[in-house]
Amino acid sequence: MASTPHQNPTDQSDLTALKGRIPLLGLTGGIGSGKTAVSDLLGQLGAGVIDTDLIAHQITAPGGTAIPFIREQFGAEFLDPSGALDRGKMRSLVFEQPEARRALELITHPLIRQETIRQGLELSKAGKPYLVFVIPLLVESGNWHGLLNHIAVVDCPEKTQIKRVMERNKLTLEEVEKILKAQASRDERLSQADSILHNAGGFAELNSQIQDLHQKMMGFKTDQSTSS
Ligand code: ATP
């Protein structure tokens, strides 16, 4: 049987330490909803931002921590000539085979989580007032809930998502619809939101909501900060 990354035995205590030390915001939303627009501004306002999508890319880049496990599980044909994950090939496989998606997630999720915690501890030590974890599949994965103090969902109508992603990624309508179908529904996501950022309008409208969310997180007290 192929191996998967070991759960780091310090993970759980690190999670607890992080949660007690600094307020943690989970930011999610469907593809093209505006998560990056929101996290960029929160970062400019002073938050520590950790992008789990970026981490997912880093661990599957040449020499990334997930690469040996992917080679063992799926074979070298799922790596490109540079030694990175062949994303196109893997995307096709996991769209067709749910068990392949699960096998890939067993490799990537623990590694993403470990790196997220490592960066979180670093940013916390650097004096950030709160952390933003950008987690596209927060609702789908169910892995993060015990960790977060607050969940914010960036929301817009599906047709707005489709238009933005077709323009940004030069994808066809069918390609974007296929991605949307593989993600949680708008209602599922909204049902888990502590805050909703409505992003059907322009950037000015979004920015004022981001300012409000920032103020909310700045006023958030962790168990540790209220007891000390
Ligand atoms: P992904 O899930 O693909 O990472 P995302 O949720 O991070 O996407 P963004 O990259 O922030 O979404 O936004 C998607 C596209 O829509 C970008 O090109 C961005 O500039 C544009 N966009 C986001 N919000 C708005 C807005 N309020 N008005 C106009 N364009 C917007």
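Which side chain has an N or O atom 2.7 Å from a nitrogen atom of the ligand? The close-ups below start there; keep in mind that this is a predicted model.

**View 1. Asparagine 199 meets the ligand through its side chain.** The pair in question joins a nitrogen atom of the ligand to an N or O atom in the side chain of asparagine 199, 2.7 Å apart. Of the 630 Å² of accessible area that the ligand has on its own, the protein covers 75%.

**View 2. Backbone atoms of glycine 32 and alanine 37 face ligand oxygens.** At glycine 32, a polar backbone atom lies 3.1 Å from an oxygen atom of the ligand. At alanine 37, a backbone N or O atom is 3.0 Å from a ligand oxygen.

**View 3. A shell of 14 residues surrounds the ligand.** Gly34, Lys35, Thr36, Arg168 and Asn199 are the closest of them. Sorted by class, the shell holds eight polar, three charged and three nonpolar residues. Two helices, α2 (35-44) and α8 (158-169), each put in at least two residues. The largest share comes from α2, with three residues.

**View 4. Zooming out, the ligand turns out to sit in the largest pocket.** There's about 1,900 Å³ of space in this pocket. Its lining runs to 50 residues, and those nearest the pocket centre are Asp53, Arg87, Pro136, Leu137 and Gln183. Elements giving two or more residues to the lining are α2, α3 (52-59), α5 (87-96), α6 (98-125), α7 (138-141), α8 and α9 (173-182).

**View 5. The lining of the largest pocket mixes residue classes.** Count them up and you get 20 nonpolar, 18 polar and 12 charged residues. For the shell around the ligand, the matching tally is three nonpolar, eight polar and three charged.

Terms used:
Residues numbered from 1 in each chain as written. Predicted model: local features only at pLDDT ≥ 70, side-chain atom pairs only at ≥ 80, totals over all residues. Heavy atoms only, no water. Near = heavy atom within 4 Å. Polar contact = N/O pair within 3.5 Å; in protein donor to acceptor, adjacent residues only side chain to side chain. Areas by Shrake-Rupley, 256 points an atom, 1.4 Å probe, with all protein chains shown as cover. 1 Å grid on protein atoms, 1.4 Å probe; cavity = no way out; pocket = protein on both sides within 12 Å on 5 of 7 lines; lining within 4 Å. Sits in = over half its atoms within 2 Å of the grid points. Helix = DSSP H or I, 4+ residues; strand = E, 2+ residues; numbered from the N terminus. Nonpolar A, V, L, I, M, F, W, Y, C, P; charged D, E, K, R; others polar. Points joined across faces, edges and corners; volume = space filled by probe spheres on them.
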